[in-house]
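Work through the exercises below with the sequence and the coordinates open beside you. Each one sets a task and then gives a solution in steps.

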Amino acid sequence: MTAELHRTGARTGPSDIRRGRIAYRRRQTIRSVLLAALSTAVVGGALALAVTGAPGWERVKASFFDWQVAKKYLPDVLAGLWLNIRLLAVCAAAALALGLLVAVLRTLRGPVFFPVRALATGYTYAFRGLPLIIVLYVCTLGVPGLRLQGMPSVLVLGGTALVITYGAYLAEVFRAGIESVHPSQLAAARSLGLTYRQTMRHVVLPQAVRRVAPPLLNDTVALQKDVGLVSLAGPIDAVRAAQIATAQDANFTPYIVAGVLFVLLALPLIGVTDWVTLRAARRQSAGS
């Protein structure tokens, strides 16, 4: 019995050829990682030497990379960045909701809904064509000039400009996802007795959102950068704090600090976007 088990284990275990292939692939992976690290170090060192050895580097370093100035104004820029983060969270949620609503309105069927479709289409065409900075100026500088009762703050008006502009872009992304669902699935859902609302909620929208998740996240990354434009209207965010610090010391290092903080803020969202894109590509290749 024991001998038979040994023979069975020998037959079911990996063969010598397969173990050799696994070992070879492991060696190749280690070799590739080492070569990539070595080449990166060489190129990075060469670039560092070329930049630091270039004429005028000391003036560039003093104007843009002054460590003492960076430490001095880092707390002010961080305080302004907290405003950007809060504004991003609110504007992203509102823009996604607005974009989804407009996309659903554009996909309504029947002649009775033609005025709704026309309004939704005109909105997406208009605000996808308007530069964001013009919308910001109109909302944050023009609207307060009307002196209406109950006028919200400039920060709220700036956030509104971001929401209505990015809502138009996100509406087209959502609409593309909705129209990518095959009509036969809608027909099957309706044949099962589901209403149009139930079909959209339980059949169409889950698939549409999953298919367009990568472009939605890309637009959110773009919104994360554009929230800094509200500084044009006066709120002291990271960009405005950097501008004030630059005017005080006549040094542009605070702008570099603000830029680095924005990049660090975007890195997690960019990583999630790449992961979702790769996952969707793998799922599509596996399905095909």
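## Exercise 1: Annotated spans

Task: State where UniProt places the feature "transmembrane region", and describe the annotated spans 77-105 and 125-146 by their helix content and the distance between their ends.

Solution. The unreviewed UniProt entry places "transmembrane region" at residues 33-57, 77-105, 125-146 and 255-278. The coordinates to be compared with this record belong to a predicted model. In that model, residues 77-105 are 100% helix and 0% strand, and the C-alpha atoms at the two ends of the span lie 41 Å apart. For residues 125-146 the helix content is 73% with 0% strand, and the end C-alpha atoms are 27 Å apart. The unreviewed entry also carries the annotation "domain: ABC transmembrane type-1", which covers residues 81-273; that span is 79% helix and 0% strand, with its end C-alpha atoms 22 Å apart.

## Exercise 2: The nonpolar surface patch

Task: Determine which helices each supply at least two residues of the nonpolar patch, and examine Phe65 and Thr253.

Solution. Begin with the membership: the patch has an area of about 910 Å² and is made by Val60, Phe64, Phe65, Phe252, Tyr255, Ile256, Val260, Val263, Leu264, Leu267 and Ile270. Next, assign the elements: helix H3 (57-64) and helix H12 (253-287) each supply at least two of the patch residues, and H12 gives the most, with seven residues. Phe65 is found in the loop between H3 and helix H4 (67-106). Its relative accessible area is 44%, so Phe65 is partly exposed.

Then turn to Thr253, whose place is in helix H12. Thr253 counts as buried because its relative accessibility is 3%, under the 20% limit. If residues up to four places away in sequence are not counted, Thr253 touches Ser63, Phe64, Phe65, Asp66, Val69 and Ala70.

## Exercise 3: Salt bridges between helices

Task: Find which parts of the chain are tied together by the salt bridges Lys72 with Asp249 and Glu172 with Arg106, and then trace the network that includes Glu172.

Solution. The count of salt bridges comes to five. One of them joins the side chains of Lys72 and Asp249, with an N to O distance of 3.5 Å. Because Lys72 lies in helix H4 and Asp249 in helix H11 (residues 238-249), this pair ties together parts that are 177 residues apart in sequence. Asp249 has 30% relative accessibility and therefore counts as partly exposed.

For the next pair, the side chains of Glu172 and Arg106 meet at 2.5 Å, N to O. Glu172 lies in helix H7 (residues 154-180) and Arg106 in helix H4, so the bridge ties together parts that are 66 residues apart in sequence. Both Glu172 and Arg106 are buried.

Glu172 forms a salt bridge with Arg128 as well, the closest N and O atoms being 3.5 Å apart. That pair links Glu172 in helix H7 to Arg128 in helix H5 (residues 114-129), 44 residues apart. The burial classes follow from the accessibilities: Glu172, at 15%, counts as buried, whereas Arg128, at 35%, counts as partly exposed. To complete the trace, Arg106, Arg128, Glu172, Arg175 and Glu179 are linked in a network of salt bridges.

## Exercise 4: Nonpolar cores and Leu100

Task: Identify the residues that touch the most other members of the largest nonpolar core, name the elements that give two or more residues to it, and then describe the surroundings of Leu100.

Solution. The largest nonpolar core has 37 residues, of which Leu162, Ile178, Leu223 and Val227 touch the most other members. The elements giving two or more residues to this core are H4, helix H6 (132-142), H7, helix H9 (196-211), helix H10 (213-226), H11 and H12. Among the elements, H4 gives the most to this core, with nine residues. Beyond its neighbours within four places in sequence, Leu223 is in contact with Leu88, Cys91, Ala92, Leu162 and Tyr166. Another core, of five residues, lies apart from the largest one, and Val102, Ala120, Ala168 and Ala171 are among its members.

Leu100 has its place in helix H4. With a relative accessible area of 28%, Leu100 is partly exposed. Leaving aside neighbours within four places in sequence, Leu100 is in contact with Phe174 and Leu205. Leu100 and Gly167 are 67 residues apart in sequence, while their C-alpha atoms are 8.2 Å apart in space.

Key
Residues numbered from 1 in each chain as written. Predicted model: local features only at pLDDT ≥ 70, side-chain atom pairs only at ≥ 80, totals over all residues. Heavy atoms only, no water. UniProt positions renumbered as here; feature names shortened; annotations may be inferred. Helix = DSSP H or I, 4+ residues; strand = E, 2+ residues; numbered from the N terminus. Patch = residues over 30% accessible without salt bridge, like charges linked within 9 Å, V, L, I, M, F, W, Y side chains within 5 Å. Areas by Shrake-Rupley, 256 points an atom, 1.4 Å probe, with all protein chains shown as cover. Salt bridge = Lys/Arg side-chain N within 4 Å of Asp/Glu carboxyl O. Buried < 20%, exposed > 50% of the residue type's maximum accessible area, 1.4 Å probe, protein only. Contact = heavy atoms within 4.5 Å. Core = buried A, V, L, I, M, F, W, Y, C linked by side-chain atoms within 4.5 Å.
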